[in-house]
Amino acid sequence: SLEELLSENEIYMQLFDMDGEKYGETEQLTFDNGLYSNSLPEITFDETTKNMMLIYKKTDYLTEGVAFDENQAEKIGDFLNNSYSTIAYRIYDGGTEQWQDEYNDDEISYIEYEEANGEGKLYGQRFIDFNMSDLLPVKVSEYAVASHKDKILITYVLDVDRDITTKDDTDLFVIVYDSITGKFTKPIRITDDSNPDINPKEIEFGDSIYLFWNNDGYISYIDLDSIMEYGLNEELIGGETYYHIDESYNFFTNVMEEQNYGAAESFSLTTGKDGSLYVVWNEYELTLTENTSSTDNAVKSRHMYIAMYDAKYNMLGTGENSEPVYEGAWGNKWKLTELPGENNNEQSIAVDEDGIVTVVNRKYSLVDESVNNSKYTKESDFSSLIVRTYAPTTSLAIEDEDIKIYPEYPKSGERVKLTVNAQNYGFKPSEHVTFKFEIYDHVLDNYKQLG
């Protein structure tokens with residue numbers, strides 16, 4: 001049955017060294033023997049304790065009262081959503097260099113469960129409590145995790161009213177795990193608006209952890225580490241400490257001021273060895289054929305784009321210890337793939353010390369199908385793994401209308417104002433741009449440089 005098939009998922013881990021060679025043996029990390037499904041693993045490493053945390057979704061597809069009817073396959077979404085799920089985690093102890101399989105004396109519920117059901121039944125896994133006193137029991141299926149300064153920051157999406165048909169009430173929350181004490185904070189609300197906030201991703205960049213997410217079609221981001229360190233106010237409720245963001249820190253920035261659902265739904269992040277931050281995504285496009293304005297026969301494509309953040313774009317001055325202080329900037333988005341009809345998704349990216357970008361992605365074709373005289377387009381059964389390399393560029397373009405002269409017809413000896421608008425079409429921010437102006441002398445039949 002579908003229920004039994006889905007319940008066979010287990011999580012394994014294989015480490016690799018920096019040369020891409022296997023380090024150690026493949027290790028099984030969940031042991032549920034078909035009782036539960038384990039999926040969506042995320043892992044993070046804490047530099048201070050040398051601990052690792054594995055977070056994953058655990059689902060009971062044999063939930064009482066929930067079943068999949070093969071005669072109503074279109075309702076599979078209800079079956080998947082209504083099956084009970086929770087978020088579990090395991091801790092790798094950097095001191096013993098072993099995955100924890102026992103519990104502390106104060107973890108009474110785990111100890112009692114194993115006493116009743118058999119020692120080792122939980123194999124050291126624990127469960128994250130996302131519940132808040134003023135909400136119904138919380139169900140989490142989207143999350144991101146990163147470690148920084150002996151803290152593990154877990155961002156998750158919460159559908160506040162638990163109604164999957166409404167999306168405007170999805171917000172982002174964070175809980176923080178202290179690797180030293182082994183304790184979690186209470187949930188901290190990051191967004192509180194009428195927009196759908198989904199697809200969270202965390203990344204370490206510079207000396208901070210940044211949270212990126214899909215903010216109603218915009219790729220938005222915040223300095224999560226600064227908020228956790230400086231921007232929280234405490235409140236004691238029923239003997240428990242709760243946090244909320246101070247208003248002075250309650251703002252975010254967009255990668256680009258363009259509402260682009262394709263980008264916000266598919267983006268991935270990486271920090272390059274060149275010290276820059278990169279965002280790459282794919283989006284759906286239609287290309288009109290010649291001599292037609294109708295989209296009926298348009299060529300369908302899914303192209304990849306990239307944007308780069310240069311943290312040292314502009315030096316503002318020096319700090320207290322004479323260290324340079326920089327201002328960062330985003331370059332324009334840049335199209336990586338061009339061919340009409342080409343389809344790309346599931347991209348990953350790496351950048352070397354020289355800024356050379358390597359993108360690995362899935363490339364697939366669309367094929368026409370016909371069922372019961374009804375035609376539709378679907379993905380081909382076959383796809384390719386493509387590797388591409390790019391060099392970051394600054395590509396300035398100036399059109400005739402970008403150059404303005406005032407007054408347009410100056411008199412002899414009159415001061416003239418020249419204005420030039422240059423558009424950077426590359427994905428690397430421009431700097432140290434120099435313009436040279438020349439004027440043609442009809443009498444002497446030559447050009448004279450003005451500056």
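Student: What relative accessible area does Lys151 have, and in which class of exposure does that place Lys151?
Tutor: The structure is a predicted model, in which local features need pLDDT of at least 70 and side-chain atom pairs count only at pLDDT 80 or more, while totals for chains, interfaces and linings use all residues. Residues are numbered from 1 along each chain as its sequence is written, and side-chain values use heavy atoms, with hydrogens and water left out. For Lys151 the relative accessible area is 30%, and since buried means under 20%, exposed over 50% and partly exposed in between (1.4 Å probe, protein chains only), Lys151 is partly exposed.

Student: Which residue forms a salt bridge with Lys151, and how far apart are the closest N and O atoms?
Tutor: A salt bridge puts a side-chain nitrogen of Lys or Arg within 4 Å of a carboxyl oxygen of Asp or Glu. Lys151 has such a contact with Asp178, and the separation of the closest N and O atoms is 3.7 Å.

Student: Why does this pair tie together separate parts of the sequence, and how many residues apart are they?
Tutor: Strands (E runs in DSSP, at least two residues) and helices (H or I, at least four) are numbered from the N terminus. Lys151 belongs to strand β9 (residues 151–159) and Asp178 to strand β10, so the salt bridge connects parts whose distance in sequence is 27 residues.

Student: Is Asp178 buried or exposed?
Tutor: The relative accessible area of Asp178 is 18%. That value puts Asp178 in a class other than that of Lys151, which is partly exposed at 30%, and Asp178 is accordingly counted as buried.

Student: Where do Lys333 and Glu283, which meet in a salt bridge, lie, and how many residues apart are they?
Tutor: The side chains of Lys333 and Glu283 come to 3.8 Å, N to O. Lys333 is in the loop between β22 (324–330) and β23 (334–335), whereas Glu283 is in strand β20, and this link between distant parts of the chain spans 50 residues.

Student: Which of these two residues is buried?
Tutor: Lys333 counts as partly exposed, with 28% relative accessibility. The relative accessible area of the other partner is 10%, and the buried residue is therefore Glu283.

Student: Which residues are joined into one network by salt bridges that share partners?
Tutor: By the rule above, the count for the model comes to 17 salt bridges. One network arises where salt bridges share partners, and its members are Lys149, Asp207, Asp225 and Glu229.

Student: Which residues have the most contacts inside the largest nonpolar core?
Tutor: A nonpolar core consists of buried Ala, Val, Leu, Ile, Met, Phe, Trp, Tyr and Cys residues joined through side-chain atoms within 4.5 Å. The largest one has 19 residues, and the elements that each supply at least two of them include β13 (197–205), β14 (208–215), β15 (218–223) and α5 (261–266). A second, separate core of 18 residues includes Val138 and Ile175, but in the largest core the residues with the most contacts are Phe212, Ile219, Val279, Trp281 and Trp330.

Student: Which strands form the edges of the open sheet that contains β14 and β15?
Tutor: Two strands pair if DSSP finds at least two bridges between them, and β14 and β15 are joined by 6 bridges in an antiparallel arrangement, with Asn215 opposite Tyr218 of β15. The sheet has 4 strands in the order β13-β14-β15-β18, with antiparallel pairing. Pairing on one side only marks the edge strands, which are β13 and β18 (253–254).
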